[in-house]
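Open the model in your viewer and keep the sequence panel beside it. The stops below each give a selection to make and say what is there.

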Amino acid sequence: MAESGASPLPPSPSAHSPLFRAEQFVWLTARVLEQRLFAYHFLHGGADPVETALDAYRNGDGGYGHALKPDLRGPVSQPLHTAHALRVLDAVGRCGGQRVERVCRYLTSVSTKDGALPVVHPGQRGYPAAPYLPVEDDPGSELLATGPVVGVLHRNEVWHAWLFRATDFCWQAVQSLEKSHPYEIRAAVAFLDSAPDRARAEAAADRLGRLVRQQRLVALDPDRLTEFPVPSGYAPAEHHFPHDYARSPQSLARAWFTDDEMSRSLDFLAAQQQDDGGWPVRRRRWSPAPALEARSLVTIEALHTLRAYGRAIG
C-alpha cells in the first residue's frame, strides 16, 4: 500500500519503446524541473510540481536566472531564461495571473529603447556563458529574444503595456528580414504562430518559407546533408530540418514543406534517439554541464514533436 500523501504515477510505458528509454534517461540525468515536466507530459503528473520546481529559478526582480537555459550560467535574470520560464508555464496551463504580471514588469525593465529584448542583458558579465552568446555593454533588440516571448504572451491572451511596442518590433523585424539564420527564423515562427492578426501572420510566414528554401536554411534530405551547408558560426552538425521549424502540424511553418520532406525529417528525428535514451544536442559543446542539462530539454522536445505528428513513441 502506498504511503499516505505519496504521489503515485501510472505504469511506465512499454519496455524498450522510445518513451520508456527516454524516461530512463530523464530519471538518470535530468534536473528536477525536466523530471517534473516529463512526468506532466507523459506520465500524467500534475502541474503544481512543475511550477514549484520552476520557482527555484525565479528572482526577486520577476525574471528568471540560475542557468534555467543551460548556456547562460549564474544567478542573474536574463531574457532567455525568462522566455523559457514562460514556455514552461504555458505548457502546464499556468501562464497568467500575478506571476506573468511580475514577468512583464521584468521584461519592461530590461528592454531596449525600442521596447524589445536583447539576447543577453549586460548583467551576465562576470558569469560563465556560451561563446555564441556574447555579453555586450549596450545590446540591441533582437527578434531571437523577443519573438518567442511575445508569441507565448499572445497565445495566453495576456494584456500588458509592454506587449504593444514589443509586438510592433516583432512585426517590423519579421517583415524586414532579407538574410537570416535558423534560430532567428524559429523565433519568427514562434511569434507568427500566435500573433493576433492571422491574415498578416500567414502572409509573413509564406514569405519566410520562401526565404528559408532560397537561402538553404533547412536540410530537406537527411541522407544528403553535404548539399545543405551549415550557417557560419554554427557547429559542424548543426543542421536544421523541417521539424525544427514546424514543431507541430498546426504551425504556419508546416506549409513550407511537402509531406515527403516532413516524413523524412520525422524519420530522421526518431532515429536520432541514442543508446542511453536521450536525443543529442546539435549546438557546439562548450562545457560538460550545459551539454548534459540541455539533452533532457531536447529529449522532451523531440518526444513532443513526434507525438504531435502522430508518431508512436510508447
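Start with E157, which sits in the loop between α6 (143-155) and α7 (162-175). The model is predicted, and the values on this tour are computed from it. Check the backbone of E157 here: phi is near 55°, a positive value in a residue other than glycine. E157 counts as exposed because its relative accessibility is 73%, over the 50% cut-off.

Next, select A67, in the loop between α3 (47-55) and α4 (79-91). Its phi is also positive, near 60°, again in a residue other than glycine. Is A67 buried or exposed? A67 is buried, because its relative accessibility of 7% falls under 20%.

Move on to D221, in the loop between α9 (198-214) and α10 (242-245). D221 has a relative accessible area of 15% and is therefore buried. Show polar contacts: the D221 side chain reaches the backbone nitrogen of D223 at 3.0 Å. Leaving aside neighbours within four places in sequence, D221 is in contact with F228 and R264.

Keep F228 selected, as it also belongs to the lining of the largest cavity. How many cavities of 30 Å³ or more are there? The count comes to one, and the largest cavity has a volume of about 50 Å³. To display the lining, select P182, R216, L217, V218, A219, F228, P229, V230, P231, E238, H239 and H240. These lining residues divide into eight nonpolar, two polar and two charged.

Now colour the aromatic side chains. The structure holds eight aromatic pairs. One of them is F241 with F268, a tilted pair with 4.5 Å centre to centre and 35° between the planes. This pair links distant parts of the chain: F241 is in the loop between α9 and α10, while F268 is in helix α11 (residues 259-271), 27 residues apart. F241 is buried, with a relative accessible area of 2%; F268 is buried too, at 18%.

For another pair, select W256 and F257, which meet edge-to-face at 6.1 Å centre to centre, with 65° between the planes. W256 has a relative accessible area of 9% and so is buried. F257, at 5% relative accessibility, also counts as buried.

Finish by adding Y245 to that selection: ring pairs link Y245, W256 and F257 into a cluster.

Conventions
Residues are numbered from 1 along each chain as its sequence is written. This is a predicted model: local features need pLDDT of at least 70, side-chain atom pairs count only at pLDDT 80 or more; totals for chains, interfaces and linings use all residues. Side-chain values use heavy atoms; hydrogens and water are left out. On a 1 Å grid over the protein atoms alone, a cavity is a set of points where a 1.4 Å probe fits but cannot get out, and a pocket is an open set with protein on both sides within 12 Å along at least five of seven lines; lining residues have an atom within 4 Å of a point. Grid points are joined across faces, edges and corners, and a volume is the space filled by probe spheres set on the points. Ala, Val, Leu, Ile, Met, Phe, Trp, Tyr, Cys and Pro count as nonpolar, Asp, Glu, Lys and Arg as charged, and the others, Gly among them, as polar. Helices (H or I, at least four residues) and strands (E, at least two) are DSSP runs, numbered from the N terminus. Buried means under 20% relative accessible area, exposed over 50%, partly exposed in between (1.4 Å probe, protein chains only). A polar contact is a pair of N or O atoms within 3.5 Å; within protein, one must be able to donate a hydrogen and the other to accept it, and residues adjacent in sequence count only if both atoms are side-chain atoms. Contact means heavy atoms within 4.5 Å. Rings of Phe, Tyr and Trp (its six-membered ring) pair if their centres lie within 6.5 Å; planes under 30 degrees apart count as stacked, over 60 as edge-to-face and the rest as tilted.
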